[in-house]
Structures are given as structure tokens and as C-alpha cells.
Amino acid sequence: MGALKPWHIIILVVVILLVFGSRKLPDMARGLGRSMRILKSETEAMKKDGNNPDEDGDTRAEPKHTREPLEPPQPVNETVIDGESVDRKQTR
């Protein structure tokens, strides 16, 4: 019931031809082939570089910087009333 039959594939190919047209399909296949070659060459280059975390046994990434703790916020000595800043020391 759930198996893909040969006539399913034929119908799928006909629908794809109708949607994209016979002129676009070779261009799309060429683009897909180029992308796959680029992906393959990049993964091989990464393996040759030795930056594979599986070789070191540590799969976590190293942080590139350290964070310093933030300073606590300083209390503000002014109040905003009707869009104007008023100093608290003057009003008290």
C-alpha cells in the first residue's frame, strides 16, 4: 500500500516536466551537480585541515573571547515628570 510503484515515478516525472519545463531541468541539474561538487570538496578540505573535533575527542567549540561580568546598574538621581528630567535633590 505505501510502496512507491514505477507508475508513481512516471507520474512524478511528468508533473515535474509540466511545472518546470524541459528547458529548465538541465540547468537545474547542472546547478545541483555544481553544488554537490563544492560541498564534497569543502568537506574533504575540512578533513585535511585537521580541525575535526571528533579527532580530539572534544565536540565542544572553544570560546573565542572571555566575558567579563557586568557592573551593577547605578541608581539614578533624577525623575522624569511630563517628559522633563527633574533632579530629586532639588525637589526634596
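**Group meeting: a walk along a four-helix, two-strand chain**

Let me start with one residue: R30 counts as partly exposed, because its relative accessibility is 46%, where partly exposed is the range between buried, under 20% relative accessible area, and exposed, over 50% (1.4 Å probe, protein chains only). Before going on, a word on what we have on screen. This is a predicted model, in which local features need pLDDT of at least 70 and side-chain atom pairs count only at pLDDT 80 or more, while totals for chains, interfaces and linings use all residues. Residues are numbered from 1 along each chain as its sequence is written, and side-chain values use heavy atoms, with hydrogens and water left out.

Back to R30, then. Which residue does its side chain meet in a salt bridge? The partner is D27, at 2.7 Å from N to O; the criterion is a side-chain nitrogen of Lys or Arg within 4 Å of a carboxyl oxygen of Asp or Glu. D27 is partly exposed too, as its relative accessible area is 46%. Both residues sit in helix α2, three residues apart, which is about one turn of the helix. An α-helix has 3.6 residues a turn, so residues three or four places apart point the same way. Searching the whole structure turns up one salt bridge.

Staying with α2: this helix covers residues 24–49, 26 residues in total, and spans 38 Å from first C-alpha to last, close to the 38 Å expected at 1.5 Å a residue. That expectation is 1.5 Å times one less than the number of residues. Helices here are DSSP runs of H or I with at least four residues, strands are runs of E with at least two, and both are numbered from the N terminus. After α2 comes G50, with a positive phi near 80 degrees. S41 is also in α2, and a polar atom of its side chain lies 2.9 Å from the backbone oxygen of I38. S41 is partly exposed, at 37% relative accessible area.

Now α1. Its 15 residues reach 21 Å between end C-alpha atoms, close to the 21 Å expected, and G21 follows with a positive phi near 85 degrees. Where is the nonpolar patch on the surface? W7, I11, L12, V15, I16, V19, F20 and M28 form it, with about 770 Å² of accessible area together. Helix α1 gives the most, seven residues. Patch members have over 30% relative accessible area and no salt bridge, with nonpolar side chains (Val, Leu, Ile, Met, Phe, Trp, Tyr) joined within 5 Å and like charges within 9 Å. An unreviewed UniProt entry annotates residues 6–26 as "transmembrane region". In the model, that span is 86% helix and 0% strand, with its end C-alpha atoms 23 Å apart.

Finally, the whole chain. From the N terminus, the elements run α-α-α-β-β-α. Of 92 residues, 0% count as buried. The exposed area is about 9600 Å², 58% of it supplied by carbon and sulfur atoms, using Shrake-Rupley with a 1.4 Å probe. Thanks, everyone!

Methods. UniProt positions renumbered as here; feature names shortened; annotations may be inferred. Polar contact = N/O pair within 3.5 Å; in protein donor to acceptor, adjacent residues only side chain to side chain.
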